[in-house]
Amino acid sequence: MGNSMPGPLLEICLPKDDEVPAEAPAAPPLPRPARLDDQAARADFEQKFANGLRLIKFGRNGASQRRVFSLVDAARRTFTWRPMPGEKSQPRMTPRKVYALTDIKRVRTALEPDPKNPTHGGTEALRKGLHPSHAGRAFVLDMADGRTLDLVARSDAEASEYVRGLRLLVADAVAKE
């Protein structure tokens with residue numbers, strides 16, 4: 001998969017449509033992809049993550065930004081994000097946050113209940129900014145500091161792969177502590 005992406009990522013973040021019911025039934029979670037060897041799956045995903053995952057990151061206010069998430073250290077135990085190549089961004093006054101994989105308390109799909117509001121899925125930011133029909137593409141990293149990283153992949157299958165891969169990497173990092 002080269003450095004170019006087919007079509008803009010932002011097309012998956014459509015504004016909410018008045019024709020979509022506010023309480024649309026959530027689709028069932030995607031089945032776990034068939035893999036016989038979790039270590040091979042972990043290594044394959046770790047390489048993808050090291051090369052950079054192209055995602056949309058939602059802020060607390062529901063605004064979305066296209067970002068590249070990648071592992072940043074030689075031991076591949078920390079990650080950060082940056083704007084996609086060619087995107088304009090505001091100069092930062094503070095360094096970009098770097099998280100350890102062990103800072104991730106939980107990786108969940110946007111279809112799973114929100115711990116802060118169990119009657120709804122995802123997070124408040126995703127509910128504000130993501131069209132309900134794209135919930136299968138979204139997932140959430142619940143961080144140890146109480147914050148969440150609200151992310152959207154290009155497809156349901158890609159999101160499922162990323163959720164599974166992140167769960168494997170986090171479990172491996174926690175086991176090595």
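**Close-up 1. L101 and the residues it touches.** Not counting residues up to four places away in sequence, L101 touches F49, L71, R76, R77, T78, F79, L169, V170 and A173, where contact means heavy atoms within 4.5 Å. You'll find L101 in the loop between β4 (99–100) and β5 (104–109); strands here are DSSP runs of E with at least two residues, helices are runs of H or I with at least four residues, and both are numbered from the N terminus. With a relative accessible area of 0%, L101 is buried. (Buried means under 20% relative accessible area, exposed means over 50%, and partly exposed is in between, using a 1.4 Å probe and protein chains only.) Which residue lies 65 residues from L101 along the chain, with its C-alpha atom 8.6 Å away? That's L166.

This is a predicted model, so to speak of local features takes a pLDDT of at least 70, side-chain atom pairs count only at pLDDT 80 or more, and totals for chains, interfaces and linings use all residues. Residues are numbered from 1 along each chain as its sequence is written, and side-chain values use heavy atoms, with hydrogens and water left out.

**Close-up 2. The chain as a whole, before we zoom in again.** There are 3 helices and 9 strands in the chain. Reading along the sequence, you meet them in the pattern α-β-β-β-β-β-β-β-α-β-β-α. The chain has 177 residues, and 41% of them count as buried. Take the contacts between residues at least 6 apart in sequence: 56% of these join residues at least 24 apart. The chain exposes about 10300 Å², with 54% of that supplied by carbon and sulfur atoms; the areas come from the Shrake-Rupley method with a 1.4 Å probe, and for residues only the protein chains shown count as cover.

**Close-up 3. Helix α1 and its buried side.** Helix α1 has 14 residues (residues 38–51), and at 1.5 Å a residue it should span 20 Å, which agrees with its end C-alpha atoms being 20 Å apart. (The expected span is 1.5 Å times one less than the number of residues.) Which residues of α1 are buried? They are A41, R42, F45, E46 and F49. These residues cover an arc of only 135° around the axis, so they sit on the same side of α1; the arc is that of the directions from the helix axis to the C-beta atoms. Their cover includes β1 (53–58), β2 (64–71), β3 (78–83) and α3 (156–175).

**Close-up 4. Where α1 meets α3.** The axes of α1 and α3 come within 9 Å and cross at roughly 105°. (Axes are lines fitted to C-alpha atoms, for helices over the stretch in contact, and angles run from 0 to 180 degrees between N-to-C directions.) That crossing makes α1 roughly perpendicular to α3, a label for angles of 65 to 115 degrees; under 35 counts as roughly parallel, over 145 as roughly antiparallel, and the rest as oblique. On the α1 side, the contact is made by D38, A41, R42, F45, E46, K48 and F49. On the α3 side, E161, Y162, R164, G165, L166, L168, L169 and D172 take part.

**Close-up 5. G52, just after α1.** G52 follows α1 and has a positive phi, near 110°. This glycine is found in the loop between α1 and β1. Is G52 buried or partly exposed? At 21% relative accessibility, G52 counts as partly exposed. Leaving aside neighbours within four places in sequence, G52 is in contact with V68, F69 and S70. G52 and S70 are 18 residues apart along the chain, and their C-alpha atoms are separated by 4.4 Å.

**Close-up 6. V140 in strand β8.** V140 lies in β8 (residues 138–143), and with a relative accessible area of 0% this valine is buried. Apart from neighbours within four places in sequence, V140 is in contact with R106, V107, R108, G122, T123, L126, T148, L149 and D150. The C-alpha atoms of V140 and R106 are separated by 8.1 Å, with their positions 34 residues apart along the chain.

How values were computed:
Expected span 1.5 Å × (residues − 1).
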